[in-house]
Protein chains: 2
Amino acid sequence: VADHQDCPLCRDLGGAVLFDDGRLRVVRVLPADDIDAARFPGFCRVIWNAHVKEMTDLAHGDRVHLMDVVFRVEAALRDTLNPVKINLASLGNMTPHVHWHVIPRYAADPAYPKPIWAVPAVPQLGTLQRDMSQENDMLAWSRAVTAALQR
Amino acid sequence: VADHQDCPLCRDLGGAVLFDDGRLRVVRVLPADDIDAARFPGFCRVIWNAHVKEMTDLAHGDRVHLMDVVFRVEAALRDTLNPVKINLASLGNMTPHVHWHVIPRYAADPAYPKPIWAVPAVPQLGTLQRDMSQENDMLAWSRAVTAALQR
């Protein structure tokens, strides 16, 4: 499958890569790239490396492998962050290149208990400073998730 | 796993059952039950029959089986409705009982290309009448999806 020049997930990695096995990559969404990463710390995406539109466009074995990694990310997020709930979604209306959102949710997050998309992001004064101060914690956490996925 | 008296997916079927194999059921969400069914015709849910919170709380074989059916529903919706995109999501913040939304999306639907949750439903005058006139079409479509899932 050829890369698509106008597809952001073909052009860019889409975050800090925690794991890549050639077929897919797991990224931590970065606050600098995506306002949702600042609102939902620990937000990860599992991205199929080739440009494929729907899950049912993947070969059966590839689909099973992708879901296995999605659930391994869910497990790693539960183990390391202890969220109230995990949200999983493959939407792709804007970016029709298979990718899964794996989002740890908390009672105190900006949208709970609604879906994160139900509450539009409003950039707040001071958000960037707070994000920067959290980055050291997030780097340690990233290493723990990578270790879990490599097991 | 015991049923939970306060869980709507333990108490009710959650729609018109298209398929049930004992472990899980596939339902068509009904406009009478859920405003989103009126906005997004063909909206289905795959509901694990037992009250389980997260995908990673399921045994591996159950998880694989559930996803296999989710993707069979995706395939049936693509075959019968030819949507622009399929949206898949397991959120469960309000109802922490494993269920998958399988949503056919169209360029002309009320939220496209945003996630359906980004555009709040506004009940419109005449919606119910229109839904009722569509129900014959939807019943024929339901039978086609059931046949596809039983294959």
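**Interface, cores and local geometry of a two-chain model**

In this predicted model, 31 residues of chain A are in contact with 31 residues of chain B. Together the two chains bury about 2800 Å² between them, and 53% of that area lies on carbon and sulfur atoms. On the side of chain A, Phe71(A), Lys85(A) and Asn93(A) supply 23% of the area that this chain buries against chain B, which is more than any other three residues supply.

Polar interactions also cross from one chain to the other. Between chain A and chain B there are 23 residue pairs in polar contact, counting pairs in which both residues have pLDDT 80 or more. The elements that give two or more residues to the side of chain A that touches chain B are α3, β4 (85-90) and β5 (99-105) of chain A. By residue type, that side of chain A divides into 17 nonpolar, five polar and nine charged residues.

Over all chains the structure holds 14 salt bridges, and four salt bridges are counted between chain A and chain B. In one that joins the chains, the side chains of Asp57(A) and Arg78(B) meet with an N to O distance of 2.9 Å. Another salt bridge is formed by Glu54(B) with Lys85(A), whose closest N and O atoms are 2.7 Å apart. This pair crosses between chains, running from Glu54(B) in the loop between β3 and α3 of chain B to Lys85(A) in strand β4 of chain A. Both partners are shielded by the protein chains: Glu54(B) counts as buried because its relative accessibility is 2%, under the 20% limit, and Lys85(A) counts as buried because its relative accessibility is 4%, under that limit as well. Leaving aside neighbours within four places in sequence, Glu54(B) is in contact with Glu74(A), Arg78(A), Val84(A), Lys85(A), Ile86(A) and Val98(B).

Other salt bridges lie within chain B. Asp36(B) and Arg39(B) form one in which the closest N and O atoms are 2.9 Å apart. These two residues are separated by about one helical turn, because they are three residues apart in helix α2 (residues 35-39) of chain B. Both Asp36(B) and Arg39(B) are buried. The salt bridge between Arg11(B) and Asp12(B), with closest N and O atoms 3.7 Å apart, has a different setting, in that Arg11(B) counts as exposed at 53% relative accessibility, while Asp12(B) counts as partly exposed at 43%.

Attention now turns to the nonpolar interior. In soluble globular proteins, nonpolar side chains tend to be buried together. The largest nonpolar core of this model has 54 residues, and those with the most contacts inside it are Val46(A), Leu66(A), Trp100(A), Val46(B), Leu66(B) and Trp100(B). Apart from this core lies another, of 20 residues, among them Ala37(A), Phe43(A), Trp117(A) and Ala37(B). The surroundings of Leu66(B) illustrate the packing: when neighbours within four places in sequence are left aside, Leu66(B) is in contact with Leu24(B), Val46(B), Trp48(B), Met55(B), Leu58(B), Val98(B) and Trp100(B).

In chain A, Leu58(A) is placed in the loop between β3 (44-48) and α3 (60-81). Although it belongs to a loop, Leu58(A) is buried, with a relative accessible area of 7%. Beyond neighbours within four places in sequence, the contacts of Leu58(A) are Trp48(A), Val52(A), Arg63(A) and Leu66(A). One of these partners, Trp48(A), is 10 residues from Leu58(A) in sequence and 9.6 Å from it in space, C-alpha to C-alpha.

The backbone has some further local features. Most residues other than glycine have a negative phi, and most peptide bonds are trans. In chain A, however, the peptide bond from Tyr112(A) to Pro113(A) is cis, with omega near 0°, and Pro113(A) is placed in the loop between β5 and α4 (127-150). A cis peptide bond also joins Tyr112(B) and Pro113(B), with omega about 5°, and Pro113(B) lies in the loop between β5 (99-105) and α4 (127-150) of chain B.

Asn82(A) has a positive phi of about 50° although it is not a glycine, and it lies in the loop between α3 and β4 of chain A. With a relative accessibility of 63%, Asn82(A) counts as exposed. In chain B, Asn82(B) likewise has a positive phi of about 50° without being a glycine; Asn82(B) is found in the loop between α3 and β4 (85-90) and counts as exposed at 64% relative accessibility.

Conventions
Residues are numbered from 1 along each chain as its sequence is written. Chains are lettered from A and ligands numbered from 1 in the order in which they are written. This is a predicted model: local features need pLDDT of at least 70, side-chain atom pairs count only at pLDDT 80 or more; totals for chains, interfaces and linings use all residues. Side-chain values use heavy atoms; hydrogens and water are left out. A nonpolar core is a set of buried Ala, Val, Leu, Ile, Met, Phe, Trp, Tyr and Cys residues joined through side-chain atoms within 4.5 Å. Buried means under 20% relative accessible area, exposed over 50%, partly exposed in between (1.4 Å probe, protein chains only). Contact means heavy atoms within 4.5 Å. Helices (H or I, at least four residues) and strands (E, at least two) are DSSP runs, numbered from the N terminus. Buried area is the accessible area (1.4 Å probe) that two parts lose on being put together, summed over both. A polar contact is a pair of N or O atoms within 3.5 Å; within protein, one must be able to donate a hydrogen and the other to accept it, and residues adjacent in sequence count only if both atoms are side-chain atoms. Ala, Val, Leu, Ile, Met, Phe, Trp, Tyr, Cys and Pro count as nonpolar, Asp, Glu, Lys and Arg as charged, and the others, Gly among them, as polar.
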